[in-house]
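Below is a set of questions on how the labels given to a structure follow from computed values. Each answer sets a value against its cut-off.

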Amino acid sequence: IVSYNIVVDGLASNSPPMMRHAEKILEKWLAVQKQGPRVDAVTFSTLLKGYGRAGETDRAMRVWERAKRLRISLDTAAYNCYLGALLRGGELREAVIFLNDWIEQCGSVQPRTSSPIPNHASFSTVIHELAGN
């Protein structure tokens, strides 16, 4: 799994046009998943980060929904990558709704779901992206 994630990360970090190749690798990986390593939160975080950097918010949204449909156990890093992608893509309303829902899912004292808890990076992402706008 580490090798696959390294390849996906390399493609996602390289340049926006390479993101299509990263997603094609994911497609092939999902097709043979029963026989090989399973995709994980790192895989999806990498794609979300790459699409966020490329400004392809619509693709980041599709990747997020796909991870949810596949019941991938997403971690705080994945949530932060998605939040950053929304903000970088100018989807301020969606980002605020997402962050509010995320905080609400966690509950004030007792978490209501198994969602990861927002951390300092979550709020730093919001501040950084809003300061740049």
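Q: Why is Cys81 called buried?
A: In this predicted model, Cys81 has a relative accessible area of 17%. Buried means under 20%, so Cys81 counts as buried.

Q: What makes Cys106 count as buried?
A: Its relative accessibility is 7%. The cut-off is under 20%, so Cys106 is placed in the buried class.

Q: How many disulfides does a search of the whole structure find?
A: The search finds zero disulfides. A disulfide would need a pair of cysteine sulfur atoms within 2.5 Å.

Q: Why is the pair of Glu129 and Arg88 called a salt bridge?
A: The closest N and O atoms of Glu129 and Arg88 are 3.2 Å apart. The rule asks for a side-chain nitrogen of Lys or Arg within 4 Å of a carboxyl oxygen of Asp or Glu, so the pair qualifies. The bridge links distant parts of the chain, with Glu129 in helix H7 and Arg88 in helix H5, 41 residues apart.

Q: Why do Glu129 and Arg88 carry the labels they do for accessibility?
A: Glu129 has 13% relative accessibility and therefore counts as buried, the limit being under 20%. Arg88 has a relative accessible area of 40%. Partly exposed covers the range between under 20% and over 50%, so Arg88 is partly exposed.

Q: What makes Glu56 and Arg59 a salt bridge?
A: Their closest N and O atoms are 3.2 Å apart, and the limit is 4 Å, so the pair is a salt bridge. Both Glu56 and Arg59 are buried. By this rule the count comes to two salt bridges.

Q: How do you know which kind of aromatic pair Trp64 and Tyr79 form?
A: By the same kind of rule, the count comes to seven aromatic pairs. For Trp64 and Tyr79, the ring centres are 5.0 Å apart and the planes stand at 85°. Centres within 6.5 Å make a pair, and planes over 60 degrees apart make it edge-to-face, so this pair is edge-to-face. Trp64 lies in helix H4 and Tyr79 in helix H5, 15 residues apart.

Q: Why is the pair of Trp64 and Tyr82 called stacked?
A: The centres are 4.5 Å apart, with 5° between the planes. Planes under 30 degrees apart count as stacked, so the label follows. Trp64 and Tyr82 are both buried. Together with Tyr79, Phe98 and Trp102, they form one aromatic cluster.

Key
Residues are numbered from 1 along each chain as its sequence is written. This is a predicted model: local features need pLDDT of at least 70, side-chain atom pairs count only at pLDDT 80 or more; totals for chains, interfaces and linings use all residues. Side-chain values use heavy atoms; hydrogens and water are left out. Buried means under 20% relative accessible area, exposed over 50%, partly exposed in between (1.4 Å probe, protein chains only). Helices (H or I, at least four residues) and strands (E, at least two) are DSSP runs, numbered from the N terminus. Rings of Phe, Tyr and Trp (its six-membered ring) pair if their centres lie within 6.5 Å; planes under 30 degrees apart count as stacked, over 60 as edge-to-face and the rest as tilted.
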